[in-house]
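Open the model in a viewer and show side chains as sticks. The tour below goes from one charged pair to the next.

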Amino acid sequence: MQYEIHREYEEMSRRAADVIVEEVRRKPDLLLCAATGATPTRTYELLGERARDERQLFARVRVIKLDEWGGLAPEDPATCETYLRRHLVGPLSVSGDRYFAFRSNAEERHEECRRVEKLLDAAGRIDLCVLGLGMNGHLGFNEPGESLTPRVHVSELSETSMTHPMLREAKGRVTCGLTLGIGDVLRSRRVLLLVNGAHKREAMRRLGERRITTAFPASFLWVHGNVTCLCDKAAAGVTAAE
Ligand code: F6R
């Protein structure tokens with residue numbers, strides 16, 4: 001894992017957007033796996049600006065949603081769907097045939113996971129997987145526990161996830177998580193892990209222990225050969241003067 005420590009969130013986000021654009025230039029039909037949440041918001045905004053400047057840049061990019069809150073209506077303000085449409089899929093004009101996503105309100109959740117798994121298998125390997133780091137080390141909704149699930153699945157959400165800031169604006173009640181599995185993430189050609197803010201310092205410290213354990217799913221990124229972790233000084237625990 002290559003760490004890059006940036007001064008603050010803005011600089012980290014600019015670097016993340018540059019990495020994504022570089023990868024798109026290398027492979028215009030790149031399959032991008034997209035996390036939601038607070039961390040990647042500025043990165044996606046910057047990609048939206050690039051899309052405005054260069055209309056064709058993302059014309060062939062494909063996007064797969066990393067995870068979703070099960071039980072909410074798709075238009076609920078808290079869904080990953082609402083987030084991605086607002087911050088990424090809309091601004092980059094990703095057409096329906098290039099966007100693969102869980103339906104938050106699917107009645108048959110396991111069926112929904114099989115559907116997304118088939119979409120992923122047909123689309124091929126993820127080229128670039130953009131991840132955030134859960135406070136408890138979760139990746140997507142691969143939650144800490146005795147074991148991890150390799151492929152797309154319904155996950156029982158941890159207490160930490162149930163108090164995720166995204167859910168503050170939820171109108172409905174979340175019943176589970178729908179998520180790509182740890183194996184799907186680890187098969188990505190490249191992983192971009194974004195981490196910012198002092199509240200992530202403890203999670204960063206645990207990641208830095210390089211001890212692979214299902215109790216901290218992000219530790220599995222240490223088995224992947226191509227992970228770039230972009231973080232800010234606050235998350236890295238570096239004081240502003242350093
Ligand atoms: C959301 C997701 C989660 C978040 C993680 C960090 O799609 O996959 O694993 O990436 O909880 O969330 P933020 O960025 O809000 O701190």
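The stops that follow concern salt bridges and the exposure of the residues that form them.

This is a predicted model, in which local features need pLDDT of at least 70 and side-chain atom pairs count only at pLDDT 80 or more, while totals for chains, interfaces and linings use all residues. Residues are numbered from 1 along each chain as its sequence is written, and side-chain values use heavy atoms, with hydrogens and water left out.

A salt bridge here is a side-chain nitrogen of Lys or Arg within 4 Å of a carboxyl oxygen of Asp or Glu. By this rule the model has 26 salt bridges.

Select R15 and E4 to begin. Their side chains form a salt bridge, 2.8 Å from N to O. R15 belongs to helix α1 (residues 9-26) and E4 to strand β1 (residues 2-6), so the pair ties together parts that are 11 residues apart in sequence. Helices (H or I, at least four residues) and strands (E, at least two) are DSSP runs, numbered from the N terminus.

Are these two residues buried or exposed? R15 is partly exposed at 26% relative accessible area, and E4 is partly exposed at 21%. Buried means under 20%, exposed over 50%, and partly exposed in between (1.4 Å probe, protein chains only).

Next, select R7 and E11, whose side chains meet at 2.9 Å, N to O, in a salt bridge. R7 is exposed at 58%, whereas E11 is partly exposed at 24%.

Move to K27 and D29, a salt bridge of 3.6 Å, N to O. K27 is partly exposed at 29%, and D29 is partly exposed at 25%.

Finally, select R114, E117, D121, R151, D184 and R187 together: salt bridges link these residues in a network.
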